[in-house]
Amino acid sequence: MEANRIQLADGVYLTYLPGRKFKTSLLSAQFVTPLQQETAGANALISAVLRRGTVGCPDMGALSAKLDSLYGASIDYTVRKKGENQCVGFVAGFIDDRFAPQNEKLLEPVSGLLGELICDPITRHGRFVPEYFESEKTNLVDAIRSILNDKRDYADARLLQSLCKEEAYAIPRLGSEKDVEKLQPQKLYAQYKKLISTARLELLYCGSADLERVEQALRAAFSTLPRERVEEIAVALPHIGREKAQYVEEQMDVTQGKLGMGFSCGSDDTAALLMGNTLFGGSSNSKLFLNVREKLSLCYYASSVYHRQKGLITVSSGIEFENYQKSYDEILAQLAAVQQGDWEDWEIEGAKATLLNAYTSMNDSQGKLENFYLGQAATGHTETPSELAEEVMQVTPERICQAMQTVKLDTVYFLKGKEAAE
Amino acid sequence: MKQTFYDRIGEAVYRETLENGLQIYVVSKPGYTKKYAFFATRYGGMDTRFCLDGTWEDTPAGIAHYLEHKMFDTREGNALQELAKNGAEPNAFTANAMTGYYFDSTEHFEENLRILLSFVSIPYFTDESVAKEQGIIGQEIRMIEDNPDWQIYTRMLQAMYQNHAARTSIAGTVESISHITAQTLYDCHRAFYTPSNMVLTVVGDVDPQHVVDLANRVLPKLSGPVIERDYGEEPEEVAQKEISLAMEVSAPQFLIGFKCKPVAPGPDYLRMDIIGDLACDILLGDSSPLYQRLYEKGLINTSFGGAFEMMPGVAYLYAGGDSKDAHTVSAEICKEARRLVEEGVDEEFFQRVKKAAYGSELRGLNSFETIAVAMTEGYFNGFDPLKFPQEFETVTAEDVRAFLAENITEEHAVLSLIVPKEA
């Protein structure tokens with residue numbers, strides 16, 4: 001699929017992806033802004049408050065009625081972290097015009113509504129409607145707290161926070177509970193004005209309409225978007241590994257322990273690290289899966305993720321508390337195996353095939369495409385999925401060893417149970 | 001091979017029944033690079049009691065799921081790795097009434113399909129390999145036991161059903177799975193993994209004849225008998241009105257469930273599914289008056305949602321999320337249902353919700369997995385899921401009102417709660 005990226009206005013870009021095979025169209029509008037402790041919570045709250053009502057559709061009832069009449073179009077607010085940038089905005093999904101029973105046009109009204117949500121929110125006395133502000137603030141605090149409910153996510157987040165202490169990458173995408181509690185209506189409205197006038201806006205469309213029509217619809221929808229000096233997006237600095245690994249432990253009333261391990265990568269050969277990580281713990285064919293799970297039955301899940309922007313690899317697993325040392329040793333042993341090139345041909349072929357499949361099948365999902373191209377735009381990259389696949393195909397075993405030998409243990413996080421109550 | 005075009009939704013399906021009884025569906029998807037195969041048996045977490053060779057067998061809770069894990073073992077090694085070597089992304093799941101094995105791949109599709117058909121139809125277990133899995137599944141059970149979403153849902157079903165096997169946890173418990181042996185797994189495989197109890201669905205840009213030829217080559221020529229199952233006699237009354245558990249969570253959570261009248265297999269099954277979904281949207285969906293009222297009062301937040309579910313002998317509508325006052329929310333839901341029954345469903349609102357629900361069905365067709373699972377459920381329950389546009393046309397506001405009147409009442413309601421543990 002050929003992506004087409006054009007500039008619509010100062011700091012406003014459109015990524016256009018033609019896709020006739022889908023039943024739906026996807027339209028996304030995302031502000032990309034450096035992730036900062038002071039603004040993360042406010043930006044997250046802004047998108048939630050905006051979703052409550054516009055001048056034309058002032059409450060949830062009116063908005064829902066409008067979306068229902070557009071054949072159940074959805075407009076979800078999103079808050080994502082891409083590298084050290086925060087992306088906030090909306091993703092709309094709606095059935096493709098070809099399948100509208102009366103051949104109604106849906107792109108234009110959905111674009112219009114998207115533009116309204118961003119540029120024309122319902123306000124009272126020059127700020128957001130107080131009830132909307134208050135209830136979304138409560139909801140956001142609840143959402144931040146609720147990370148505790150999924151212990152796997154919780155452990156992954158805690159590992160990253162310890163690993164990247166003092167770095168923007170450690171800031172949670174929704175901000176912190178403490179910062180959100182402090183937000184005031186007036187300040188939030190000012191931050192909203194600043195965000196929409198100075199942050200870069202990334203628009204993305206995927207569907208059957210031609211570029212000209214999409215451009216026209218979006219130009220009309222965002223004609224009142226204020227634009228002032230557009231700020232630069234953040235470029236993530238690679239994580240500098242600790243001399244000596246740190247160990248963090250927490251206790252909770254749980255039945256399963258969570259072991260997380262964070263590693264710094266000294267190499268900038270990203271394609272080789274991507275391959276190395278896939279061999280290590282990135283697939284159901286990986287060393288972690290085959291050994292920690294299948295051979296030793298230590299866990300149900302043990303997998304690793306490569307964080308390209310920060311030069312990090314993190315491992316996540318769920319184990320019996322008393323198997324901590326066994327699992328810890330085995331994870332390090334499997335990393336050592338990858339570093340020493342201790343693998344068979346099929347493992348390399350499998351890892352390549354896994355990555356190739358992931359990149360090529362991306363073209364079959366509008367959601368994956370949107371997430372991928374937003375990530376590229378927010379981190380200053382321009383490769384297409386097939387170009388990335390091409391790079392991976394050219395990685396040699398020597399390069400994998402070299403790159404993986406720079407991978408060093410940095411932080412260990414362990415969530416364990418409380419002593420049984422007497 | 002029979003080919004059907006569904007003009008209104010732009011789909012085409014090839015159908016074939018093999019001599020051994022296996023049903024095959026191929027859903028064409030020109031333009032897509034990904035190809036998806038889903039091989040499923042009508043056997044899930046609730047099929048623990050059945051009649052094999054004239055004797056009634058009681059098998060341990062969690063056995064269908066255990067079998068799913070062990071099916072990937074082959075005489076030569078492990079099918080998961082074989083598929084992954086080809087870049088396929090294989091996986092499997094066990095639901096209450098089915099077990100499905102699937103992969104998607106962009107290359108070597110036919111080779112991958114051969115591997116799928118082969119490992120699912122040829123069991124290979126040893127006592128040692130079965131024992132080893134106890135550790136892995138034991139950790140999976142520990143993981144879900146720490147998950148409040150799983151706890152609240154499972155416990156809601158246990159409150160709702162007195163005897164029906166739907167109240168059995170699909171994964172079982174660490175204790176129940178300890179009784180599973182290689183022999184019990186072989187018996188269950190023989191009983192349920194027989195071609196006439198299975199269906200293969202392929203979605204993508206593939207040659208349907210190749211799929212049929214491959215299945216004929218790889219799968220057994222003959223099928224076993226149809227197995228009788230016993231889900232237990234289920235009265236109309238719920239088992240328990242309220243059930244509660246303390247966990248390490250950030251906020252109290254609730255699920256309210258309404259035990260509904262089950263529907264026999266056939267075209268009515270799809271119709272009831274649509275009516276139940278619409279009733280759920282009209283009663284408490286995002287655009288319902290009740291949702292807005294509760295949201296604005298701060299009684300629910302965006303975590304709130306609901307759905308209507310059906311399986312053999314079972315149907316229920318449920319809704320929930322975080323709330324500081326679950327009892328008030330539950331009472332409001334029952335009250336709104338009563339109001340809708342008394343006053344009827346507003347025609348304009350009904351048409352709007354129907355329009356949205358239609359769009360949502362259509363959007364589901366973007367997902368190969370959604371299509372395959374729908375075709376499979378349709379086969380097991382005697383309906384064609386791609387005929388939803390026709391059903392939508394004939395469903396009326398009165399159908400929804402009648403559904404609410406029969407099912408969404410206080411005596412059919414149960415409440416499942418998770419409360420934060422005191423530190």
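**View 1. A:Ser64 and its partners in chain B.** In this predicted model, A:Ser64 touches B:Asp286, B:Ser287, B:Gln292 and B:Arg352, leaving aside residues up to four places away in sequence. A:Ser64 belongs to helix H2 of chain A, residues 60-69. Within chain A, a polar atom of the A:Ser64 side chain lies 2.7 Å from the backbone oxygen of A:Met60. Is A:Ser64 buried or exposed? A:Ser64 counts as buried because its relative accessible area is 11%, and the cut-off for buried is under 20%.

**View 2. The area shared by chain B and chain A.** Here 58 residues from chain B meet 63 residues from chain A. Between them, the two chains bury about 5,200 Å², with 51% of it on carbon and sulfur atoms. On the chain B side, look for B:Gln139, B:Glu248 and B:Arg363: these lose the most area to chain A, together 13% of what that side buries.

**View 3. A salt bridge between the chains.** B:Glu11 and A:Lys23 join their side chains in a salt bridge, 2.8 Å from N to O. Across the interface of chain B and chain A there are six salt bridges, and 35 residue pairs are in polar contact, both residues at pLDDT 80 or more.

**View 4. The side of chain B that touches chain A.** Elements giving two or more residues to this side include helix H2 (79-85), strand S9 (89-94), strand S10 (99-105) and helix H12 (347-364) of chain B. Helix H4 of chain B supplies the largest share, nine residues. Sorted by class, this side of chain B has 22 charged, 19 polar and 17 nonpolar residues.

Notes. Residues numbered from 1 in each chain as written. Chains lettered and ligands numbered in written order. Predicted model: local features only at pLDDT ≥ 70, side-chain atom pairs only at ≥ 80, totals over all residues. Heavy atoms only, no water. Contact = heavy atoms within 4.5 Å. Buried area = accessible area lost by both parts, 1.4 Å probe. Salt bridge = Lys/Arg side-chain N within 4 Å of Asp/Glu carboxyl O. Polar contact = N/O pair within 3.5 Å; in protein donor to acceptor, adjacent residues only side chain to side chain. Helix = DSSP H or I, 4+ residues; strand = E, 2+ residues; numbered from the N terminus. Nonpolar A, V, L, I, M, F, W, Y, C, P; charged D, E, K, R; others polar. Buried < 20%, exposed > 50% of the residue type's maximum accessible area, 1.4 Å probe, protein only.
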